[in-house]
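Reader: I would like to learn how to read a backbone feature in a model, and then how to read a whole chain. Could you take me through it step by step?

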Amino acid sequence: MTLNSYTEKELTEALKKHDNAAYRHLYMNYRGALYNNILQIIPDTETAADVLQEAFIQIWKNIDKYDENKGRLFTWMLKLTRNMAINQTRIKNFKVHSKNEELTNYVSVIDNKTPQLTAINHIGLRQQVHKLRKELKDVIELSYFEGLKQEEISEILKIPLGTVKSRIRMAVIELRKEFL
Amino acid sequence: MDIQQYIASGIIEMYVMGLCSPEEEKELEQLQHQHPELQEAILQYEKEMEDKMLQNSTLPTAETDKRILKKLESLQAPVIPITSAITGKRINWLKPVAAAAVLLLGISAYFNYSLYNKNKKQEALIAASTSSPLPAGDYAVITNPSITPVAMYGVGTHTICRCTMFWDKQTGKAYIMIHHLPKSSSSRDYQLWAEVDGRTVSVGIINDEIRGRFIEVTNVPGHSVAFKVTLENAGGAQTPTIAETYLEGKI
C-alpha cells in the first residue's frame with residue numbers, strides 16, 4: 001500500500017477541491033482498510049459494499065469538515081465509516097442481543113478456520129476484541145461496535161460510569177499491544 | 001497535570017478510536033495545544049493504527065470498485081455561491097432561492113429602517129428596492145405557496161445561534177442559510193431533525209463549513225411541524241442528543 005504520489009497535505013488539498021483523480025486515489029488506497037472495518041460490523045458483503053459506497057460519498061460531501069490540525073485523514077474517515085456502518089445496523093433493526101450472538105458466532109467460525117471465511121479474510125479488530133477478558137470485551141463491543149455512549153453502557157451493564165471509563169481505557173491499551 | 005501519566009492512561013487510544021465522551025474529547029483537544037508531546041503521541045498512535053488497518057485490508061469485488069468510482073465521479077459540487085448564482089453564470093436551483101433571500105433581506109432591512117426612523121421611510125424604500133435588482137421572474141418563488149420560510153433560533157446556552165430555512169413542501173427540499181453556528185469539530189456533525197407525526201426523524205447532516213451560501217437538504221418530510229439542529233458524532237446519530245440541541249424552529 002503506497003501513497004507516494006501524494007503527500008497527505010497534497011491529497012487533502014486536492015480532495016477539498018473535489019478533484020476526481022484525488023478521490024480515485026483515496027478510494028483505491030483506503031477501500032480495503034475501510035471495507036474490512038465495515039465487515040467487522042456488517043458481515044454481509046453486499047450491505048457492507050453499500051455502506052462503503054455511502055461512506056465515500058459522505059467523505060466527498062463532508063471533506064470541508066476534515067481539519068488536518070486535529071488528526072490524520074484516515075482517522076477521520078474511519079470514524080465516519082464506522083458511524084455509518086453502526087447506523088446501518090440500527091436501520092436494519094438488528095436486535096442488540098441477536099447481533100451480538102450472530103457476531104460472536106461469526107468470530108468463532110473464523111477461529112475454527114472455516115475455509116471460505118479465512119479465504120475472504122475478514123479478520124481484524126473484532127477478532128482481537130473477542131480475545132479480551134469478558135468485562136473488557138463487553139465495553140468495547142458496546143462502545144466501538146455498537147456506538148453506544150458511556151452513560152448508555154453504564155446503564156446496560158449496570159456498572160458505574162467510572163467503571164465503564166476505566167474498563168474502556170484498559171481495553172484499548174491491551175488492544176494496542178495486541179493489534180492496533 | 002502530569003502529562004506523561006495522562007498520555008499513558010489510554011485516553012489517546014480512546015480518542016483516536018472515537019470512544020471519548022464529548023467532555024473527554026474537549027479536554028484532550030485543549031491539552032494538546034499546550035503539550036506538544038501529547039500531540040506527538042496522538043499522531044504516533046494514529047499512524048500505528050493506520051498501518052495496521054492498511055495491512056489488514058479486505059478488497060471489495062471489482063464490480064463494487066467500478067460502481068463506487070463511477071458514483072464518485074458523478075458527484076457535483078454540493079453548493080454554489082449565491083454570487084455566481086445571481087450573475088447567472090451557472091443555471092441552477094439556487095437562483096430563485098438566492099433572489100428570494102436577497103429580496104427578504106431587502107424587505108427586512110426596509111422594516112428595520114422604517115422602525116428606526118419613520119420619517120425616512122421613503123428613502124428606505126428606495127434603498128431596499130435598489131439593493132435587489134432582480135429579473136421579474138425571480139419574484140415567483142416567494143409567491144409560490146409551497147415555499148415556507150422557517151426561522152431557527154438558538155436553544156439554551158446557544159441563544160446567539162441563528163439560521164433560516166426555505167422549505168419547499170412540494171419538492172421536499174429545503175435551503176438552509178447559517179447566520180451563526182459555532183464551527184463543529186472534525187469528529188462532530190450538525191444534524192437536522194424534523195418533528196413529524198409526533199416523532200423526531202433525521203433529515204440529514206448539515207455541512208456547517210458553508211457560510212454565506214445555501215445548503216440544500218432533500219427529503220424533508222411533508223408534514224413536519226418543527227425542526228431542530230443538534231450536534232452529533234460525525235456521520236450522524238439515530239436519535240437526537242437533546243442536550244446538544246443548538247437550534248429550533250417551528251412552522
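Author: Let us begin with a single residue, bearing in mind that this is a predicted model. Lys158(A) lies in the loop of chain A between helix H9 (150-157) and helix H10 (161-178).

Reader: What is the phi of Lys158(A), a residue that is not a glycine?

Author: The phi of Lys158(A) is positive, at about 55°, even though the residue is not a glycine.

Reader: Is Lys158(A) buried or exposed?

Author: The idea is to compare its relative accessibility with a cut-off, and a residue counts as exposed when the value is over 50%. Lys158(A) has 72% relative accessibility and therefore counts as exposed.

Reader: Where in chain B is Asp197(B) found, and what is its phi?

Author: Asp197(B) sits in the loop that joins strand E4 (188-196) to strand E5 (199-206) in chain B. Its phi is positive too, near 50°, and Asp197(B) is a residue other than glycine. With a relative accessibility of 64%, Asp197(B) counts as exposed.

Reader: How many helices and strands does chain B have, and what share of its residues count as buried?

Author: Chain B contains nine helices and eight strands, and 49% of its 251 residues count as buried.

Reader: What do the contacts and the surface of chain B add to this picture?

Author: Among the contacts in chain B with a separation of 6 or more, 59% are between residues 24 or more positions apart. The accessible surface of chain B is about 13,100 Å², and carbon and sulfur atoms account for 55% of that area.

Definitions and conventions:
Residues are numbered from 1 along each chain as its sequence is written. Chains are lettered from A and ligands numbered from 1 in the order in which they are written. This is a predicted model: local features need pLDDT of at least 70, side-chain atom pairs count only at pLDDT 80 or more; totals for chains, interfaces and linings use all residues. Side-chain values use heavy atoms; hydrogens and water are left out. Helices (H or I, at least four residues) and strands (E, at least two) are DSSP runs, numbered from the N terminus. Buried means under 20% relative accessible area, exposed over 50%, partly exposed in between (1.4 Å probe, protein chains only). Contact means heavy atoms within 4.5 Å. Accessible areas come from the Shrake-Rupley method with a 1.4 Å probe; for residues, only the protein chains shown count as cover.
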